[in-house]
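Welcome, and thanks for taking a look at this one with me. Please open the model below and keep it in view while you read.

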Amino acid sequence: MVQFFSEIPKALIPWIKEQKIFWVATAPLSESGHVNVSPKGYEGTFHIEDETTVWYEDLTGSGVETMAHVKENGRLTIMFTAFEGPPRIMRLFGTGQVFEFDSPEYNSLLPLEKRQPGSRAIILLKIHKVSTCNRVRLHAAMAKREGEDIQAECSSDAHLMANGTAAANRQNNQHDSQPLLTEKGLKWYWKTKNSQSLDGLAGLETAYASKKTFDSAIAKKDWGKDDESISHTAQVVKEHVAQDRVDTKLAIGFVLGVCASALSINLVNAVGHKIRNW
């Protein structure tokens with residue numbers, strides 16, 4: 001049964017922090033615009049300030065729909081789904097705000113040493129309604145977000161090299177009023193790929209113009225191997241499903257066998273009766 005709250009129940013905050021992925025839903029005001037649902041989630045990117053305020057670190061991706069829609073109208077819903085344990089769905093309804101890379105709010109909420117590679121903005125949600133229901137559970141935990149597709153096209157390292165050149169120019173008193181945007185740099189990707197939505201709404205507007213450099217320690221940090229293993233709970237469910245399928249086949253075979261036997265008996269009896277009458 002669905003339940004509604006005006007804020008996140010304190011008892012469910014630990015459950016939210018355990019989730020490895022969530023979804024964000026947005027839409028433009030235009031009737032012909034694209035309604036968007038995006039998967040989000042990377043360990044340590046979702047934060048709960050209090051029962052009515054949450055935010056997540058928005059990492060560089062191929063699109064910028066969520067950011068553009070929130071900038072236009074503020075409407076935002078975040079949904080969590082249980083992957084393990086008791087079934088649960090939670091939706092956070094509210095009004096969103098976008099704080100781009102190197103904005104005062106971004107720098108305040110996300111210190112340099114806590115940023116993920118490819119961090120481009122913060123999406124903050126002021127909650128006005130929460131819903132929960134206990135209906136669905138997914139059977140296996142999903143792996144962490146894969147960022148290799150973006151990293152193959154651009155990287156923080158390339159931009160670090162560009163900023164190193166810019167810093168050297170400044171020391172030599174050479175004019176450097178604009179940040180260097182190399183075609184392999186992350187900020188170049190933001191400017192060329194993340195500046196507007198599918199419907200032409202504004203996406204990143206200032207982040208790519210920032211002269212602030214990335215942290216080389218974060219760019220080169222070994223984040224470890226993704227845990228793509230199936231949990232014990234999921235494995236048990238998988239085994240039960242397989243067993244159920246086997247039991248079903250046995251039951252069907254048994255029923256068909258009984259039917260065949262009954263038909264054979266009836267046929268023998270009918271033939272014997274005709275022979276006796278003859």
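The numbered points below go from the whole chain to single residues.

1. First, a word on what you are looking at: this is a predicted model. The chain has 278 residues, and 38% of them are buried. Eight helices and eight strands make up its list of secondary-structure elements. About 16600 Å² of the chain is exposed, with 55% of that area supplied by carbon and sulfur atoms.

2. Next, contacts along the chain. If you take the contacts between residues at least 6 apart in sequence, 75% of them join residues at least 24 apart.

3. Now the strands. A good place to start is β6 (residues 75–81), where five of the seven residues are buried, so that the strand is mostly covered. β6 pairs with β2 in the antiparallel sense over three bridges, and in that pairing V24 stands opposite I78 of β6. β6 also pairs with β7, again in the antiparallel sense, over seven bridges. Two positions help you find this pairing on screen: L76 stands opposite G94 in β7, and M79 has R91 of β7 as its bridge partner.

4. From β7 you can step on to β8. These two strands run antiparallel and are joined by twelve bridges. To locate the pairing, look for T95, which stands opposite K126 in β8.

5. While you are in β8, have a look at S131, which is found in this strand. Is S131 buried or exposed? With a relative accessible area of 4%, S131 falls under the 20% limit and is therefore buried. Beyond its neighbours within four places in sequence, S131 is in contact with V2, Q3, F4, I89, M90, R91 and F93.

6. The nonpolar interior comes next. The largest nonpolar core has 39 residues, and F46, V54, I78 and L92 are the ones that touch the most other members. β8 gives this core its largest share, seven residues. For a closer view, pick L92: leaving out residues up to four places away in sequence, L92 touches I8, F46, V54, L76, T77, I78, F80, L125, I127, K129 and V130.

7. Aromatic rings deserve a point of their own. A search of the whole structure finds eight aromatic pairs. One of them is formed by F22 and Y56, which meet edge-to-face with 5.4 Å between the ring centres and 65° between the planes. Why does this pair tie together parts that are apart in sequence? F22 lies in strand β2 (residues 22–26) and Y56 in strand β5 (residues 53–59), so the pair links parts that are 34 residues apart in sequence. Both partners are covered: F22 counts as buried at 3% relative accessibility, and Y56 is buried with a relative accessible area of 1%. F22 and Y56 also belong to one aromatic cluster with W15, F46 and F80.

8. Two charged side chains sit over rings. R88 lies over the face of W15, at 5.1 Å from the ring centre. K129 places its charged end over the ring of F4, 5.5 Å from the centre of that ring.

9. Turning to a helix, consider α2 (residues 65–73), whose buried residues are E65, T66, M67, A68, H69 and V70. What covers these buried residues? The cover includes β2, β3 (36–40), β5, β6, β7 (89–100) and β8 (119–133). Just after the helix comes G74, which has a positive phi, near 80°.

10. Finally, a look at a loop. A209 is found between α6 (186–193) and α7 (216–219). At 40% relative accessibility, A209 counts as partly exposed. A209 is 19 residues from W190 in sequence, and their C-alpha atoms are 9.7 Å apart in space.

Conventions:
Residues are numbered from 1 along each chain as its sequence is written. This is a predicted model: local features need pLDDT of at least 70, side-chain atom pairs count only at pLDDT 80 or more; totals for chains, interfaces and linings use all residues. Side-chain values use heavy atoms; hydrogens and water are left out. Rings of Phe, Tyr and Trp (its six-membered ring) pair if their centres lie within 6.5 Å; planes under 30 degrees apart count as stacked, over 60 as edge-to-face and the rest as tilted. Helices (H or I, at least four residues) and strands (E, at least two) are DSSP runs, numbered from the N terminus. Buried means under 20% relative accessible area, exposed over 50%, partly exposed in between (1.4 Å probe, protein chains only). A charge sits over a ring if NZ of Lys or CZ of Arg is within 6 Å of the ring centre and within 35 degrees of the ring normal. Contact means heavy atoms within 4.5 Å. Accessible areas come from the Shrake-Rupley method with a 1.4 Å probe; for residues, only the protein chains shown count as cover. Two strands pair if DSSP finds at least two bridges between them. A nonpolar core is a set of buried Ala, Val, Leu, Ile, Met, Phe, Trp, Tyr and Cys residues joined through side-chain atoms within 4.5 Å.
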